[in-house]
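Here's a walk through one protein model, from the overall picture down to a few residues worth finding on screen. Keep the viewer open as you read.

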Amino acid sequence: MRRARERFRIGGIAFACLLSALTTGCSSGSGGDDSPSALMDAVGHISVAGATGAQVSYLDAARVRSLEKGETGEKGDSQRFRAVGQAGSPLMTGYRFNAHAYGLDPAMIDTDVTNGYAGHWQGSFDADRVTAKLKAGGFARRTWHGETVWAKDGITLQVAKDEISFGYAGKDLSAVRPAKGKSVADDPDYRALGDCLGDVYRVDFGGKNPKEPVRLSATGQLAKSAKRTSGVICALTDGKRTAERAADRLKSVIRQRAPRFDGAKVTVLTGDSPGVKVTVPDRPGDKRAGRLLISDVDLQLALPKL
């Protein structure tokens with residue numbers, strides 16, 4: 001039997017340090033309330049073991065669609081979020097699986113989280129139609145840990161009307177079926193980065209390495225409206241001194257690359273999870289959101305050199 005999950009979608013993140021983080025240091029371990037954020041809710045589907053050495057990505061696709069249509073009276077732009085607003089799942093981008101042929105469309109997905117070879121979608125799906133097409137397409141019905149799954153050519157799917165889980169490249173669903181207390185959302189480092197990032201519609205976490213000066217980092221995308229967008233990088237370090245060095249290095253890159261990163265703000269994170277945060281507004285003339293992830297990667301490249 002499929003494990004039922006009742007998930008709560010939250011429009012914003014009520015973290016105490018969200019507003020003050022741009023101008024003063026804040027504790028990356030603090031939180032404003034006990035409700036799970038949309039980000040932590042989604043990454044709760046990824047096991048810590050499944051995230052080891054892998055990049056974990058999250059997308060609030062429903063939020064992107066809203067931005068593309070326009071909010072608060074502002075005209076939307078269907079092209080502005082094309083680079084960072086598409087589900088990055090291998091099921092949507094891989095050549096081995098034609099998602100449309102099996103009744104799947106990106107417009108059905110509200111949230112997408114993946115660790116590269118396994119992932120989880122929440123949304124609205126015609127489960128009967130999808131499973132019928134999987135069966136017709138040669139997928140074999142199997143039972144995996146009491147759940148009905150469909151498998152073919154190294155691809156495994158579990159389909160319901162409100163969620164789809166998948167494994168790719170010969171992986172089963174273990175990475176997206178974490179035991180209690182063993183998900184990415186239970187990891188204090190990921191939670192600290194969630195506090196730091198704020199109300200992001202997309203996040204790409206790097207692989208975690210506790211032995212490095214920067215043990216975990218993430219690049220997120222923020223949007224106050226369709227036209228007022230920015231990128232944010234949060235990184236956790238092995239101590240306060242490393243965090244201060246990271247902040248100095250980021251400020252140096254910002255100065256050297258002027259005016260590319262004009263308006264950027266760097267914050268040292270204090271408390272139980274020291275680190276650094278930099279927020280960079282997208283330039284008025286940018287046709288695409290997400291430049292910190294796609295093109296202007298100088299700030300990301302500066303952190304591993306500590």
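## The big picture

How many helices and strands does the protein have? The count is 9 helices and 13 strands. Keep in mind that this is a predicted model.

Of the 306 residues in the protein, 50% are buried. Take the contacts with a separation of 6 or more: residues 24 or more positions apart account for 63% of them. As for the outside, the protein exposes about 14,400 Å², with carbon and sulfur atoms supplying 49% of that area.

## Helix H5 and its buried side

Let's go to helix H5, which covers residues 127-136. Which of its residues are buried? They are Ala127, Val130, Thr131 and Leu134. These four cover an arc of only 95 degrees around the axis, so they sit on the same side of H5. The general pattern behind this is familiar: an α-helix has 3.6 residues a turn, so residues three or four places apart point the same way.

Asp128 and Ala136 are on the other side of H5, and they're exposed. Strands S6 and S7 are among the elements that cover the buried residues of H5. Once H5 is done, glycine 138 follows, with a positive phi near 95 degrees.

## Leucine 134 up close

One residue of helix H5 deserves a zoom: leucine 134. Is leucine 134 buried or exposed? Its relative accessibility is 0%, and buried means under 20%, so leucine 134 counts as buried.

What does leucine 134 touch, leaving out residues up to four places away in sequence? The list is Phe97, Tyr102, Phe139, Trp150, Leu157 and Val159. Two of those names tie in with the cover over H5: Trp150 falls within the range of S6, residues 147-152, and Leu157 falls within that of S7, residues 155-159. You can also check the distance from leucine 134 to alanine 101: C-alpha to C-alpha, the two are 9.1 Å apart in space, with their positions 33 residues apart in sequence.

## Strand S3 and its two partners

Now for strand S3, residues 109-114. Here 5 of the 6 residues are buried, so S3 is largely enclosed by the rest of the structure.

One partner of S3 is strand S2 (residues 56-60), paired in the antiparallel sense over 4 bridges. To find the register, look for aspartate 60, which stands opposite threonine 111 in S3. S3 is also joined to strand S4 (residues 118-123), this time by 5 bridges, and those two run antiparallel. In that pairing, threonine 114 stands opposite glycine 119 in S4. S3 and S4 make a hairpin with 3 residues between them, and glycine 116 in the turn has a positive phi of about 105 degrees.

## The disulfide

How many disulfides are there? The count comes to 1. It joins cysteine 196 to cysteine 234, with an S to S distance of 2.0 Å. Cysteine 196 lies in helix H6 (residues 188-197) and cysteine 234 in strand S11 (residues 229-237), so the link ties together parts that are 38 residues apart in sequence.

The angle about the S-S bond is -80 degrees, making the link of cysteine 196 and cysteine 234 left-handed. Are these two cysteines buried or exposed? Both cysteine 196 and cysteine 234 are buried.

## Backbone oddities

Some background before the last stop: most residues other than glycine have a negative phi, and most peptide bonds are trans. Histidine 145 is not a glycine, yet it has a positive phi of about 50 degrees. You'll find histidine 145 in the loop between strand S5 (140-144) and strand S6 (147-152). Its relative accessible area is 70%, so histidine 145 is exposed.

Aspartate 153 also has a positive phi, near 50 degrees. This residue is in the loop between S6 and strand S7 (155-159). Aspartate 153 is exposed, with a relative accessible area of 57%. Finally, the peptide bond joining alanine 258 and proline 259 is cis, with omega at about 10 degrees. Proline 259 belongs to the loop between helix H7 (240-256) and strand S12 (265-270).

Note on methods. Residues numbered from 1 in each chain as written. Predicted model: local features only at pLDDT ≥ 70, side-chain atom pairs only at ≥ 80, totals over all residues. Heavy atoms only, no water. Buried < 20%, exposed > 50% of the residue type's maximum accessible area, 1.4 Å probe, protein only. Contact = heavy atoms within 4.5 Å. Areas by Shrake-Rupley, 256 points an atom, 1.4 Å probe, with all protein chains shown as cover. Arc of directions from axis to C-beta. Disulfide = S-S within 2.5 Å. Pairing = 2+ DSSP bridges.
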